[in-house]
Amino acid sequence: MSTVYLIHFEKPYQHAKHYLGFTTDLTARIADHRAGVGSRLLQAVNNAGIKWTVAGTWSGNRKFERQLKRRKETPALCPLCIGDAAYKRARKAEKPSLTPVRAAPSSAVIERDLPF
Ligand SMILES: [Zn+2]
């Protein structure tokens, strides 16, 4: 069985905050990454002293890994970043509205008894 896995970095390394990989032996692959073997990015991340964790795994093949990579929205896939991604999407969608939230209450209209 093959696994697509997502590694989340505790803090960004240059512009990278995640590593998306594919393996047929997740335990061995993660041990390699811990030892700085198999990925230059993770080697650099280790050397920079940045902590990382496996944030998600999917049962899938290399094609699925490429599909996920092509989406270029890894933070949205990451359970540890999903709140940030949702927040940014919400902020982007937020546009100032010119419509008043509610009309002035009718009691604000001052009615006078006219003297005639
Ligand atoms: Zn993340």
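Leaving aside neighbours within four places in sequence, which residues is tyrosine 5 in contact with? In this predicted model, the list runs to Gly21, Thr23, Leu26, Val54 and Thr57. Tyrosine 5 makes a handy way into the structure, and the rest of the chain can be picked up from there.

Taken as a whole, the chain has five helices and three strands. Going along the sequence, these turn up in the pattern β-β-α-α-β-α-α-α. The chain has 116 residues, and 15% of them count as buried. As for how far along the sequence the contacts reach, among those between residues at least 6 apart, 55% join residues at least 24 apart.

The three strands come together as an open sheet, in the order β2-β1-β3, with antiparallel pairing. That puts β2 and β3 at the edges, where each one pairs on one side only. Neighbouring strands here are turned against each other by 20 degrees on average, if direction is ignored. Helix α1, made of residues 26-34, packs on this sheet and touches β1, β2 and β3. The direction of α1 makes about 140 degrees with that of β2. Helix α3, residues 62-70, also lies across β1, β2 and β3, and runs at about 160 degrees to β2.

Now for the pairing itself, starting with β1 and β2. Strand β1 covers residues 3-13 and strand β2 residues 16-23; the two run antiparallel and are joined by seven bridges. Threonine 3 stands opposite threonine 23 of β2, and leucine 6 has leucine 20 as its bridge partner in β2. With β3, which spans residues 52-59, β1 again pairs in the antiparallel sense, over seven bridges. Here valine 4 faces tryptophan 58 of β3, while isoleucine 7 stands opposite valine 54.

The turn of the hairpin deserves a look of its own. Two residues sit between β1 and β2, and glutamine 14 takes a positive phi there, near 50 degrees. Most residues other than glycine have a negative phi. Glutamine 14 therefore goes against the usual run, being a residue other than glycine with a positive value. Is glutamine 14, in this loop, buried or exposed? It is exposed, because just 9 other C-beta atoms lie within 10 Å, and the cut-off for being exposed is 12 or fewer.

What makes up the largest nonpolar core? It has 11 residues: Val4, Tyr5, Leu6, Ile7, Phe9, Tyr19, Phe22, Leu42, Val45, Trp52 and Cys78. Strands β1 and β2 and helix α2 (40-47) each supply at least two of these core residues. The largest share comes from β1, with five residues. As a general matter, nonpolar side chains tend to be buried together in soluble globular proteins. Tyrosine 5, the starting point above, belongs to this core, and so does valine 4, the residue set opposite tryptophan 58 in β3.

Further along the chain, leucine 80 sits in the loop between α4 (74-77) and α5. Leucine 80 is partly exposed, because 16 other C-beta atoms lie within 10 Å, a count between the limits of 12 or fewer for exposed and 20 or more for buried. Not counting residues up to four places away in sequence, leucine 80 touches His8 and Ala55. Leucine 80 and glycine 56 are 24 residues apart in sequence, yet their C-alpha atoms are 9.0 Å apart in space.

Helix α5 then takes up residues 82-93. From its first C-alpha to its last, this 12-residue helix reaches 16 Å, close to the 16 Å expected at 1.5 Å a residue. How many of the 12 residues of α5 are buried? The number is zero, so α5 lies largely in the open.

Technical notes:
Residues are numbered from 1 along each chain as its sequence is written. This is a predicted model: local features need pLDDT of at least 70, side-chain atom pairs count only at pLDDT 80 or more; totals for chains, interfaces and linings use all residues. Two strands pair if DSSP finds at least two bridges between them. Helices (H or I, at least four residues) and strands (E, at least two) are DSSP runs, numbered from the N terminus. A nonpolar core is a set of buried Ala, Val, Leu, Ile, Met, Phe, Trp, Tyr and Cys residues joined through C-beta atoms within 7 Å. Two residues are in contact if their C-beta atoms, placed from the backbone, lie within 7 Å. Axes are lines fitted to C-alpha atoms, for helices over the stretch in contact, and angles run from 0 to 180 degrees between N-to-C directions. The expected span of a helix is 1.5 Å times one less than its number of residues.
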